[in-house]
Amino acid sequence: MPILSRRTVLMGAAAVMLPLGVRAAPPSGWRLMMVESPACHHCRAWHAQIGPGYATSAAGRAAPILHVDVDGPYPDGLALARRPWITPTFLLLSDGSEAGRIEGYVGQRYFYPVLEEMMRGAGLTLSA
């Protein structure tokens, strides 16, 4: 019986783990997780209308966005009220725990007012 080297064992373990995919750790701090689907018309509208400026907005600075496909994989360690099934769903996360949820896209005119109200209700302070 041949003796396997440590390198051979580690390479074999890596090959077995690759198909499983590597999941990220739960988001730390405040994050906005957008659950979306490539087939979602409203998701594409959000990306066209809101996406380009989100990172520089007050909401985007307070809660950077994390995009997740509705079918996963989701980051490990999330504590959600329930699994999202409507796209888009915007989940406000505090250290990986759900602090608020918006299901659907309310349109360019109302997105920030609804999001900022949810953020303030969760105790997140927005800077100007």
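**Strand pairing, a buried arginine and local backbone features**

Strand β1, spanning residues 30–36, is mostly covered, with 5 of its 7 residues buried. The model is predicted. Two strands pair with β1. Strand β3 does so in the antiparallel sense, over 6 bridges. Within this pairing, Val 35 stands opposite Thr 89 of β3. Strand β2 runs parallel to β1, and 5 bridges join the two. Here Glu 36 faces Asp 69 of β2 as its opposite residue. In a regular strand, side chains alternate between the two faces of the sheet.

Strand β4 covers residues 97–103 and includes Arg 101. Arg 101 has a relative accessibility of 18% and therefore counts as buried, since the cut-off for burial is under 20%. Its side chain makes polar contacts. A polar atom of the Arg 101 side chain lies 2.7 Å from the backbone oxygen of Arg 82. The side chains of Arg 101 and Glu 98 are joined by a polar contact of 2.9 Å. Beyond its neighbours within four places in sequence, Arg 101 is in contact with a run of residues that includes Leu 80, Ala 81, Arg 82, Arg 83 and Pro 84. Thr 89, Phe 90 and Leu 91 are also among the contacts of Arg 101, as is Met 118. Thr 89 thus appears twice in this description: it is in contact with Arg 101, and it stands opposite Val 35.

The loop between β2 (65–69) and β3 (89–94) contains Pro 73. Pro 88 lies in this loop as well. Both prolines follow cis peptide bonds. The bond from Gly 72 to Pro 73 is cis, with omega near 5°. The bond from Thr 87 to Pro 88 is cis, with omega near -10°.

A further backbone feature occurs in the loop between β3 and β4, where Asp 95 is placed. Asp 95 is not a glycine, yet its phi is positive, at about 50°. Asp 95 is exposed, because its relative accessible area is 53% and the cut-off for exposure is over 50%.

The cysteines were also examined. The structure holds 0 disulfides. Cys 40 is buried, with a relative accessible area of 7%. Cys 43 is likewise buried, at a relative accessible area of 1%.

How values were computed:
Residues numbered from 1 in each chain as written. Predicted model: local features only at pLDDT ≥ 70, side-chain atom pairs only at ≥ 80, totals over all residues. Heavy atoms only, no water. Helix = DSSP H or I, 4+ residues; strand = E, 2+ residues; numbered from the N terminus. Buried < 20%, exposed > 50% of the residue type's maximum accessible area, 1.4 Å probe, protein only. Polar contact = N/O pair within 3.5 Å; in protein donor to acceptor, adjacent residues only side chain to side chain. Contact = heavy atoms within 4.5 Å. Disulfide = S-S within 2.5 Å. Pairing = 2+ DSSP bridges.
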